[in-house]
Amino acid sequence: MTTPFFRLGAVCPATIAAIATLMCMPVNVPAHEEESPADLDEITVYGRSRNLIGEATSAAEGRVGQAEIEVRPLLRPGELLELVPGMIITQHSGTGKSNQMFLRGFNLDHGTDFATWVDGMPVNLRSHAHGQGYTDINFIIPEMVQELEYRKGPYYAEVGDFSSAGAAHFNTYKRLDQTTIQGTAGEDDYLRGLLIGSTDVGAGALTFAGEVTGYDGPWKDIEEDLEKYNGLLRYSVSGESRRWDVALMGYDADWSSADQIPERAVREGRVRRLGSLDTDVGGNTHRYSLSTQFVQDWGNSQTRVNLYAIDYELELYSNFTYFLDDPVNGDQFEQSEERRIYGGLVEQHYDASLFGQNVAHKLGLEFRYDDIDDVGLYQTVARKRIDTVREDDIEETSAALYYAADVLWSERLRTIFGLRYDYYDFDVDGDDPRNSGSDNDDIVSPKFSGIYTASDSVELYLNAGQGFHSNDARGTTIRFDPRSGEPIDPVDPLVESEGAEIGLRWVPGRILNSALSLWYLELDSELVFVGDAGTTEPSTKSERWGFEIANFIRPTDWLTLDVDYAWTDAELKDNPDGDEVPGSIEKVLSAGASVDFPSGWGCTLRARYFGERPLIEDGSVDSDDFLTLNAQVRYDRGPWRATLDVLNLLDGNEDDIAYFYASRLEGEPAEGVEDIHFHPVEPRTVRFNLSYRFGGGSPSRLFASR
């Protein structure tokens, strides 16, 4: 894993040339400024208290700012996605691996039906070695997140692959008014150092961020020995009507992991609850990126351009079934890949009347190319390869064209008509010529939203649309099972979804911001986790419906409250094994209270309820539900800030994740034993953080509200 970052420039001259062209463009253009989260002149973060009446497309969208993030105790960076109401983030492996995600009755695995972007760059990795849509946000530095914008449902023309359940856009700071040095220490040898800040250079600002993290974890038979490095360097310029930035990001991590274990192994005393059956699993990964964002205002129109190049690599070692497939060497396996991604977006906004009505038009062109080398599955012993199950080179190309017309029919009524066209081309060159080949597919996705502003405090929504997720390129060309050699049918390249929603947003004043939605979603093919292979496979059609309510309350300047509840009913259609969707959560509740006194003292208490969920299709085995509490106490005095985070405050002994499948321990029958396999929540842990800020005022203190 020694790919240098400058390799991006060598393999993507077009991207470098485009960035250089944008950098050389003058910025003294006629003035026209539009309020935007991308504004590089001011640090503006809109929290959940922001009134989105007149702006939002549905009740199931919102924005979260740094003010909410900095007072939220986080066990891991992936929990930033729990800022999306109804979202649950868990882990079944080591700290360096992508998290498990749950939303709207989906076990999203690592992101198959939830799309994520950071500064305009897609995070979901298609045709990934471990899972389709693999989403690893460990490269995000939480203190650098200026705003998280989330949307649920397939109702948005600008959102395509992996977005049936929803989507999230992270925007990081273009400029900081002060420099912060921060250190964190906690139990189980948790250590973290952080440096972030900005300095004026020429006509713009140079923003920098560096993070180093080490962690051994609470596990009894293995130390995670996490070593993680994150870095960001961005140069940004903001003129009166033109804004652009170019950014380098780097992430590198190495870890060992305590994977899920069977309940019977704990009952029989073979392993402790916080133990491991295979102490040689874990992995290493890196992600390096070069990106640019450019915005030009033309008076009654605006042009946006995003370009990016990403270099990514992963080596992941797992063992879910122990001695089921190979009673001599064991079932440890490696999934690995090397990948380079090139892509971008050009989007044009313009206002023009149509049939006498005021219409805001949006036209976008999106492209992406994934060049994946040696994406492979190997049998290993102590991380040494002993057999190749499958190894492929993949080229996957996609292009999309979308259009949306926002029509203002009256002061109270507007509609948005959208249409999206996506084209995919797959090329697989495998070690088995029978599974090599090419395929392509396209899909048209119509969208509609109706928004009625009943009053200054009430807005009603009606949404409908189609979405999709792509399947692994290898699945589109496969003809023979690489393990058994038996014939196998290829999968559809693109899987369609259809959804609808009615919603209400109520903002009676500065105190309360509430949103309610009732939704329905239908998916042509469900992806189901298969424990003995450590992968997912397509299943039958599924249907889901549910309701969500999200509330943000600020009764005083020193107290904020939030309460979010989601209920979902999910079922498989025409499935011979049953109608339950494995991993589908019926009930999710999250709530928090945060207090900040003028004296500088503050505290936060957060609760998260993770409901029961079926583990197999016939519903005969369920996981347990559980409740966790996290707390933070903080004190600000001048440039100093100290926080004490207590995670899993009640020291709960629940399962962070659970699956049901067959595995084999030494001495067990050759066919194995079906059992619940779980990964426990981490025990109560305490982390102390101390930071020193110098320069201007704290960015998080510049907000008018949370």
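This passage describes a strand-rich stretch of pairing and two buried polar residues in a predicted model. Residues are numbered from 1 along each chain as its sequence is written, and side-chain values use heavy atoms, with hydrogens and water left out. Because the model is predicted, local features need pLDDT of at least 70 and side-chain atom pairs count only at pLDDT 80 or more, while totals for chains, interfaces and linings use all residues.

We can start with the strands (DSSP runs of E, at least two residues, numbered from the N terminus). Strands S11 (residues 204-215) and S12 (residues 226-238) pair in the antiparallel sense over 11 bridges, pairing requiring at least two DSSP bridges. Within this pair, leucine 206 stands opposite tyrosine 235 of S12. S12 also runs antiparallel to S13 (residues 242-256), to which 12 bridges join it; the two are linked by a hairpin of 3 residues, and valine 237 faces tryptophan 244 in S13.

Asparagine 463 lies in strand S22 (residues 458-470). Its relative accessibility is 1%, so asparagine 463 counts as buried (under 20% relative accessible area, 1.4 Å probe, protein chains only). Its side chain makes a polar contact of 2.8 Å with that of serine 449 (N or O atoms within 3.5 Å, one able to donate a hydrogen and the other to accept it; residues adjacent in sequence count only if both atoms are side-chain atoms), and reaches the backbone oxygen of threonine 57 at 3.0 Å.

Arginine 606, in strand S30 (residues 601-610), is likewise buried, at 11% relative accessibility. Its side chain makes a polar contact with the side chain of aspartate 562 at 2.9 Å.

How values were computed
Helix = DSSP H or I, 4+ residues; strand = E, 2+ residues; numbered from the N terminus. Buried < 20%, exposed > 50% of the residue type's maximum accessible area, 1.4 Å probe, protein only.
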